[in-house]
Protein chains: 2
Amino acid sequence: MDATALSDPTPAAARDAVLDGLDAGDVVCVAGRCRVTYEGRASSTLGPGDRLLLLKPDGTALVHTAEGHQPVNWQPPGCDHDAAVVDGELVVHSSRSTPAEELDVRFETVAQLSRYAVTDPAELALEGTEADLKRRVLDEPALVERGFEPRATERETPAGAVDVYGVDEDGNTVVVELKRRRVGPDAVGQLSRYVEALRRDSHEATRIRGILVAPSVTDRARELLAEKGLEFVPVEPVAE
Amino acid sequence: MDATALSDPTPAAARDAVLDGLDAGDVVCVAGRCRVTYEGRASSTLGPGDRLLLLKPDGTALVHTAEGHQPVNWQPPGCDHDAAVVDGELVVHSSRSTPAEELDVRFETVAQLSRYAVTDPAELALEGTEADLKRRVLDEPALVERGFEPRATERETPAGAVDVYGVDEDGNTVVVELKRRRVGPDAVGQLSRYVEALRRDSHEATRIRGILVAPSVTDRARELLAEKGLEFVPVEPVAE
DNA sequence: GATTCTATCTCGCTG
DNA sequence: CAGCGAGGTAGAATC
């Protein structure tokens, strides 16, 4: 991987390095004292301070401070980056349409400007997702309940797609909502919406059960389940 | 802002720079070819590729590729970072408990190692949030409906806290759920939970209305509102 | 620490 | 393109 760094570049040298770097498909990192303004879905201003600005070749911009996982300001992938010297200061501008959003980072001083030729052929292999939980349940439906027979996944209802749709031992319809982690009231609402939608579209006689499958539930979620006549079955996303 | 960069440091020099940097409270950026493993709430592996590793003094770790807003791997603030040379390679390890999570970044090569003395006294001033929408509605309740009188915010119900609670012209109870942007079915479910909870806890005679206040709604959300007998009033989070 | 909910959520998928 | 739901969501407020 190629990497270059300029220390205390002039605003013009910084501008050129930013433009050349983005042109070459590099990731560019600008470190220095700056002010930031954002206008789009919301709007924000950020007074002077030391930060890192990461500009990616896919149009992402990230302004990071010394704290937190999240950037203090950013632009999503797909934006157009530009750099210029305005009033003797490096100004990086990033914008997109739909929705219209603009980010301006104005540097009082640039302490360092780095370029990185970042190429990454590898793909992240992630385990323990909801997809893994679904696979587990389909492989071994008895995890939900003895006699449970899955009939479809992502079955459409007027309220959205049901994770796993099937029938129980007695022939009742079963709607399963999967969650990879401990669930709160929102998941109960989701399951409830699916069950109600199916009940509206079915014969009076048909019994439709709703089962939330997750590692655990909060107290309030459990209360909501009880109120709605829904069930909970504890299952981990991956076997222990 | 102080910034230093080492080009193609030896693993030992890189390790020392990482440890010294973190010790000094700097943000450390390691650029190079690496592999990443994560184990915690889920687990993941990432094969060799060029990436940037940002280590923050608050215990945050971010692994960024050339694409995307999100880091491909990370650790949240509060983790303990460590660096060592293992089998001739720089290995950065970051871990925390509750939940137990570990991240390992093993560098085949380190192209550049930078340290940044990042100090940021400024606070982000953000506008257009749900808090702004709430302020707007409380300042001018007629935005919801002529005669609407807010009586409480964050009023507790068995199903959670209601954004704005009040009464209408006719003395009916009104539950308002605020959303800063266009809403889908989830917000309807949320409002519905609050309304149902209040109905259960109130006299038969009391009429309880649920009003979703947001810039707009999706079609499915509108259908759900109709089914539940809930209402929608369009309001922007900030005046146009 | 656990729970609940917001977020410029982001991301991926589907129509 | 919009809508819908997952996410190692993170972050904040509250209990």
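What follows is a chat between a student and a tutor about a predicted model.

Student: How do you know which parts of the model to use, and how are things labelled?

Tutor: This is a predicted model, where local features need pLDDT of at least 70, side-chain atom pairs count only at pLDDT 80 or more, and totals for chains, interfaces and linings use all residues. Residues are numbered from 1 along each chain as its sequence is written, chains are lettered from A and ligands numbered from 1 in the order in which they are written, and side-chain values use heavy atoms, with hydrogens and water left out.

Student: Let's start with His81(A). Why is His81(A) called buried?

Tutor: Buried means under 20% relative accessible area, exposed means over 50%, and partly exposed is in between (1.4 Å probe, protein chains only). His81(A) has 16%, so it counts as buried. You'll find His81(A) in strand β6 (residues 80-86) of chain A; strands here are DSSP runs of E with at least two residues, helices are runs of H or I with at least four, and both are numbered from the N terminus.

Student: What makes the link between His81(A) and Ser94(A) a polar contact?

Tutor: You need a pair of N or O atoms within 3.5 Å; within protein, one must be able to donate a hydrogen and the other to accept it, and residues adjacent in sequence count only if both atoms are side-chain atoms. The side chains of His81(A) and Ser94(A) make such a contact at 3.0 Å. The His81(A) side chain also reaches the backbone oxygen of Gly59(A), at 3.4 Å.

Student: Which residues is His81(A) in contact with, leaving aside its neighbours within four places in sequence?

Tutor: Contact means heavy atoms within 4.5 Å. Among the residues that His81(A) touches are Leu22(A), Leu55(A), Thr60(A) and His93(A).

Student: Now the charged pairs. What makes Arg41(A) and Glu101(A) a salt bridge?

Tutor: The rule asks for a side-chain nitrogen of Lys or Arg within 4 Å of a carboxyl oxygen of Asp or Glu. Arg41(A) and Glu101(A) have N and O at 2.8 Å, and they do form a salt bridge. This pair links distant parts of the chain, 60 residues apart: Arg41(A) is in the loop between β2 (27-39) and β3 (43-55) of chain A, while Glu101(A) is in strand β8 (residues 101-116) of chain A.

Student: Are those two residues buried or exposed, or in between?

Tutor: Arg41(A) has a relative accessible area of 45%, so it is partly exposed. Glu101(A) has 1%, so it counts as buried.

Student: How many salt bridges does the rule give over all chains?

Tutor: The count is 34. One of them joins Glu154(A) and Lys134(A), at 2.6 Å from N to O. Glu154(A) sits in strand β10 (residues 149-157) of chain A and Lys134(A) in helix α2 (residues 130-139) of chain A, 20 residues apart. Glu154(A), at 38%, is partly exposed, whereas Lys134(A), at 18%, is buried.

Student: Why is Arg146(A) called exposed?

Tutor: Its relative accessibility is 63%, so it counts as exposed. Arg146(A) forms a salt bridge with Glu169(A), the closest N and O atoms being 3.3 Å apart. There is also a network of salt bridges linking Glu145(A), Asp168(A), Arg209(A) and Glu231(A).

Student: Over in chain B, what makes β10(B) and β11(B) a pair?

Tutor: Two strands pair if DSSP finds at least two bridges between them. β10 (residues 149-157) and β11(B) are joined by seven bridges and run antiparallel, and a hairpin connects them through two residues. One bridge partner of a β10 residue is Tyr165(B), which goes with Ala152(B). β11(B) also has four bridges to β12 (residues 173-178) of chain B, again antiparallel.

Student: How do you know that β11(B) is mostly covered?

Tutor: Seven of the eight residues in strand β11 (residues 160-167) of chain B are buried.

Student: Last one: which residues come nearest to DNA strand D?

Tutor: A residue is near a strand if one of its heavy atoms lies within 4 Å of it. Of the 28 residues around DNA strand D, Arg180(A), Arg181(A), Trp74(B), Arg182(B) and Thr218(B) come nearest. Sugar and phosphate make up 82% of the strand D atoms that come within 4 Å of the protein.

Student: What does Lys179(A) do there?

Tutor: A polar side-chain atom of Lys179(A) lies 2.8 Å from a phosphate oxygen of DNA strand D. With Trp74(B), a backbone N or O atom lies 2.3 Å from a base nitrogen of that strand.
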